[in-house]
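Please work through the following exercises with the sequence and the structure side by side, and try each task before reading its solution.

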Amino acid sequence: MTGRGIPEEFLDGYARILADASATGRRLTRDELDSRRVLGERAAEAGYGLRALVVAHLAATRVHWPATASDSTLAAVEQAVDAVAEGYERAQLFAVRQEEAARREFIDDLLYGRSDLGLLAERAERFGLRLSHAHAVAVAQGDSGYDEGDTVPREVERALIGRFGDRSILVTTKDGRLVCIAPGDQDDVLSYFAKQAYAVMGGGQVAIGRPQPGPGGVVHSYEEALNALDLAERLELDSPVLRAADLLVYPVLTRDRQAMADLVLSALGPLRQARGGAQPLLDTLTAYFDSGCVAAEAARRLSLSVRALTYRLDRIHKLTGASPADPVNRYTLQTAVIGARLLDWPAKEF
């Protein structure tokens with residue numbers, strides 16, 4: 001062993017190169033430089049530190065310093081150490097890229113559910129996840145798309161680690177969105193992720209799936225979060241944080257698409273007879289129900305007078321035979337309005 005525990009094999013041929021370069025005043029040959037790079041790579045792969053490797057070469061330089069040393073000898077030392085460091089850094093970069101590729105492949109398999117669940121659980125432990133436990137997933141979507149190495153996901157991850165430390169949390173990106181996977185009993189982690197992501201992205205929306213058990217629980221919760229973002233877009237929900245548990249009624253309503261389409265056409269189809277088509281009156285119903293059936297608030301949202309809003313509600317009553325103010329009719333109309341927004345009616349006929 002030599003300086004700081006570096007084996008002699010990683011300095012193989014160095015003394016000879018030093019003596020020959022000193023005697024001739026030449027620079028190192030391509031083969032000599034390549035041999036130093038190879039030794040640097042091997043030292044990195046063996047787990048030795050670059051600092052210790054450089055110190056070992058400096059110690060060997062002192063031991064084997066030629067009596068006829070000149071400036072050319074120092075140049076040879078510089079070339080040799082630089083080549084060793086280059087090889088070392090190349091090995092480290094390759095290892096990092098392999099790790100990144102393995103992480104990306106694992107994340108893709110995890111979020112798509114494409115791998116054998118037993119093998120997936122084994123791979124997950126390498127990244128700090130225990131898939132035998134329940135997990136929940138939060139997905140943040142902004143105006144821009146993000147990759148894993150971008151500043152935004154790194155800032156969010158640093159904030160989470162600074163706040164919670166190592167709690168089996170995984171922050172990554174998928175399809176331009178930020179994704180956070182956390183144990184199902186740690187809702188505070190996902191709530192903090194939502195807060196940080198919203199702040200760092202400068203807006204957007206964050207959806208949080210429900211905790212789901214087992215190796216397949218991550219992909220299930222992830223899909224719930226994606227569905228929540230899709231619902232928010234179709235229903236124009238502007239809340240910065242969406243929870244799948246609060247939106248369960250919508251998948252239920254659309255589970256039987258044909259039944260929902262029949263309801264929309266039956267309850268709202270007559271609105272197409274109105275001057276200007278169905279859309280203005282559909283917007284009126286949407287604002288009226290979203291404001292808790294308070295006419296003044298609905299009128300404000302639509303930039304109408306209360307009198308104009310009342311006229312529209314009366315017109316809806318006459319065309320459909322259902323009064324938005326009547327509790328019995330209200331449920332049918334409101335459900336049909338939700339269905340129309342989910343099915344993009346009347347822009348899409350069916």
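## Exercise 1: Charges and overall form

The protein chain carries 41 positive and 49 negative side chains, and the centres of these two sets are 5 Å apart. The model is a predicted one, and every value below has been computed from it.

**Task.** Find out what radius of gyration the protein chain has, and set it beside the value for a compact globule of 350 residues.

**Solution.** Begin with the reference value, which for a compact globule of 350 residues would be near 20 Å, and then turn to the protein chain, for which the radius of gyration is 33 Å. Next, consider the box that the C-alpha atoms fill along the principal axes, which is roughly 110 × 40 × 35 Å. Within this outline, the secondary structure comes to 14 helices and five strands. As a last step, look at the contacts with a separation of 6 or more, of which 69% are between residues 24 or more positions apart.

## Exercise 2: Surface and interior

**Task.** State what share of the 350 residues is buried, and how much area the protein chain exposes.

**Solution.** Buried residues account for 44% of the 350 residues in the protein chain. The exposed area is about 18500 Å², and carbon and sulfur atoms supply 49% of it.

## Exercise 3: Two cysteines

**Task.** Decide whether C180 is buried or exposed, place C293 on the same scale, and give the number of disulfides in the structure.

**Solution.** Recall that a residue is called buried under 20% relative accessible area, exposed over 50%, and partly exposed in between. C180 has a relative accessibility of 0%, and therefore it counts as buried. C293 has a relative accessible area of 22%, so it is described as partly exposed. Finally, a count of disulfides in the structure gives zero.

## Exercise 4: Residues in helices and a strand

**Task.** For Q196, A140 and M260, name the element in which each residue lies and list what each one touches beyond four places in sequence.

**Solution.** Start with Q196, which is placed in helix α7, residues 187-201. Q196 counts as buried because its relative accessibility is 18%, and, once residues up to four places away in sequence are set aside, it touches V156 and A159.

Continue with A140, which belongs to strand β1, residues 135-141. Its relative accessible area is 0%, so A140 is buried. With residues up to four places away in sequence left out, A140 touches R177, L178, F193, A197, M201, Q205 and V206. For a sense of scale, A140 and A296 are 156 residues apart along the chain, and their C-alpha atoms are separated by 35 Å.

End with M260, found in helix α10, residues 257-268. M260 is buried because its relative accessible area is 5%. Apart from neighbours within four places in sequence, M260 is in contact with L253, T335, G339 and L343. The C-alpha atom of M260 is separated by 75 Å from that of R30, a residue 230 positions away along the chain.

## Exercise 5: A residue in a loop

**Task.** Locate A245 and say how far apart A245 and Q98 are in space.

**Solution.** A245 sits in the loop between β5 (241-243) and α9 (249-254). A relative accessible area of 44% falls between the two cut-offs, so A245 is partly exposed. A245 and Q98 are 147 residues apart in sequence, and the distance between them in space, C-alpha to C-alpha, is 38 Å.

## Exercise 6: Unusual backbone geometry

**Task.** Work out which features of the backbone at D175, at S303 and at the bond from W345 to P346 deserve a second look.

**Solution.** First, recall the general expectation: most residues other than glycine have a negative phi, and most peptide bonds are trans.

D175 is not a glycine, yet its phi is positive, at about 55°. D175 lies in the loop between β2 (170-174) and β3 (177-183), and because its relative accessibility is 56%, it counts as exposed.

S303 is likewise not a glycine and has a positive phi of about 60°. S303 is placed in the loop between α12 (295-302) and α13 (306-320), and its relative accessible area is 66%, so S303 is exposed.

The peptide bond from W345 to P346 is cis, with omega near 15°. P346 itself belongs to the segment after α14 (327-343).

Notes: Residues numbered from 1 in each chain as written. Predicted model: local features only at pLDDT ≥ 70, side-chain atom pairs only at ≥ 80, totals over all residues. Heavy atoms only, no water. Helix = DSSP H or I, 4+ residues; strand = E, 2+ residues; numbered from the N terminus. Rg over C-alpha atoms; globule rule 2.2 N^0.38 Å. Buried < 20%, exposed > 50% of the residue type's maximum accessible area, 1.4 Å probe, protein only. Contact = heavy atoms within 4.5 Å. Areas by Shrake-Rupley, 256 points an atom, 1.4 Å probe, with all protein chains shown as cover. Lys, Arg positive; Asp, Glu negative; His and termini not counted. Charge placed at Lys NZ, Arg CZ, Asp CG, Glu CD. Disulfide = S-S within 2.5 Å.
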